[in-house]
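Please open the model in your viewer and keep the selection tool at hand. The stops below can be followed in order, each beginning with something to select.

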Amino acid sequence: MPVRGPAAQAVLAAALLAGCTPATAGPGGAAPAFVPASPPASPRAAAAPKPRLEKITYPAAGAGAFTAAGAEPAGARHGTLLRYRVLVEKDIKGISAATFADAVRATLADPRGWTAGGDRSFRRVDRRQPHDFTVYLVTPGTRDLLCQDAADGYTSCRNGDKVVLNVARWAKGVPGYRAGLPVYRQYLVNHEVGHRLGQGHELCPGKGRPAPVMQQQTLGMHGCTPNPWPYRDGERYAGAPGAYEDEVPPREGGSS
Ligand SMILES: [Zn+2]
């Protein structure tokens, strides 16, 4: 994993793999969520369209069985092709593997995302096809098993070729993240995939500046503003290497 440096070895263990997630939290886990494209508007659509809220529920620890999203058609490719699978733990209800995969794909394909440099492309493949990494959406307990780290049940991680997103963060975000849950989810995907691409943790470059995507925005903003993208205005946007000694909030239970 990335991130070393003179800063805080002790906390690093926790901070390293960890720490990626924020958005508006909702009590009990029902929070505003990623909103899939809505169906054609009704005649009354003149009024502001209300985002549809998904309600995601999950136990504290699932059984470790997964549903896979299907492959996407091969598209244009630039530079290195990275093939990935999307697996969603079956105990998670309220979000399908396809819906989660759509959100991941939209983030990875965004012109401000990791493909902006023109040197790599991503393609989702079927679970049985050769792949370079896997994006998981899992319960907090399964997160601990897959991450093999400090087992905090709170953060997300990247462990080898496993990009592990904790459904507790996907559903609720984190307190104090001054952007919506969709932004936090974009951050989550880009941060953990960034680790898979070899990126380490980074520091806030200054008060009021956008946080680098490799800053652990789940655990603290340190004066920076939320930012889920590795590229801004077509340029790679990064901070100095390093991590903070932020405390990881306590593990939560399931959400029903
Ligand atoms: Zn991280």
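Begin by selecting tyrosine 136 in this predicted model, and display the residues it touches beyond four places in sequence, namely Leu87, Leu146, Lys162, Val163, Val164 and Leu165. Tyr136 is also one of the residues, together with Phe100, Leu137 and Val167, that touch the most other members of the largest nonpolar core, a set of 45 residues. To see where this core draws its members from, colour the elements that each give two or more residues: strand 2 (80–89), helix 2 (97–109), strand 4 (133–138), helix 3, strand 6 (162–166), helix 4 (167–172) and helix 5. Helix 5 is the element that gives the most to this core, with 7 residues. A second core, separate from that one, has 5 residues, and Leu203, Cys204, Ala211 and Met221 are included in it.

Next, select helix 3, residues 140–147, which is largely enclosed by the rest of the structure because 7 of its 8 residues are buried. The buried residues to highlight are Pro140, Gly141, Thr142, Arg143, Asp144, Leu146 and Cys147. Moving past the end of helix 3, the residue that follows is glutamine 148, and its phi is positive, near 55°.

Now select helix 2 and helix 5 together. Two packed helices are described by the angle between their axes and the distance between the axes. What are these values for helix 2 and helix 5? The axes of the two helices come within 9 Å and cross at roughly 70°, and since angles of 65 to 115 degrees count as roughly perpendicular, helix 2 and helix 5 are therefore described as roughly perpendicular to each other. The crossing of helix 2 with helix 5 is right-handed. Show side chains at this contact, where Ala103, Val104, Thr107 and Leu108 of helix 2 meet Arg185, Gln186, Val189, Asn190 and Val193 of helix 5. By residue class, the contact of helix 2 with helix 5 divides into 5 nonpolar, 3 polar and 1 charged.

From there, go on to methionine 214, which is found in the loop between helix 5 (181–196) and strand 7 (231–232). Is methionine 214 buried or exposed? Methionine 214 has 25 C-beta neighbours inside 10 Å and therefore counts as buried, the cut-off for that class being 20 or more. With neighbours within four places in sequence left aside, the contacts of methionine 214 are His191, Gly194, Gln199, Gly200, His201, Glu202 and Ala238. A distance can also be drawn from methionine 214 to glycine 242, which is 28 residues away along the chain, and the C-alpha atoms of this pair are separated by 9.5 Å.

For a contrasting loop position, select arginine 128, which lies between strand 3 (120–124) and strand 4. Arginine 128 has 9 C-beta neighbours inside 10 Å and so counts as exposed. A C-alpha to C-alpha distance drawn from arginine 128 to alanine 71 comes to 10.0 Å, although the two are 57 residues apart in sequence.

Finally, select the whole protein, which has 5 helices and 8 strands. Traced from the N terminus on, the elements run α-β-β-α-β-β-α-β-β-α-α-β-β. Of the 256 residues, 45% count as buried, and among contacts between residues at least 6 apart in sequence, 72% join residues at least 24 apart.

Key:
Residues numbered from 1 in each chain as written. Predicted model: local features only at pLDDT ≥ 70, side-chain atom pairs only at ≥ 80, totals over all residues. Buried ≥ 20, exposed ≤ 12 C-beta atoms within 10 Å, placed from the backbone. Helix = DSSP H or I, 4+ residues; strand = E, 2+ residues; numbered from the N terminus. Contact = placed C-beta atoms within 7 Å. Core = buried A, V, L, I, M, F, W, Y, C linked by C-beta atoms within 7 Å. Axes fitted to C-alpha atoms, helices over the stretch in contact; angles between N-to-C directions. Parallel < 35°, antiparallel > 145°, perpendicular 65-115°, else oblique. Left-handed = near helix turned anticlockwise from the far one by under 90°. Nonpolar A, V, L, I, M, F, W, Y, C, P; charged D, E, K, R; others polar.
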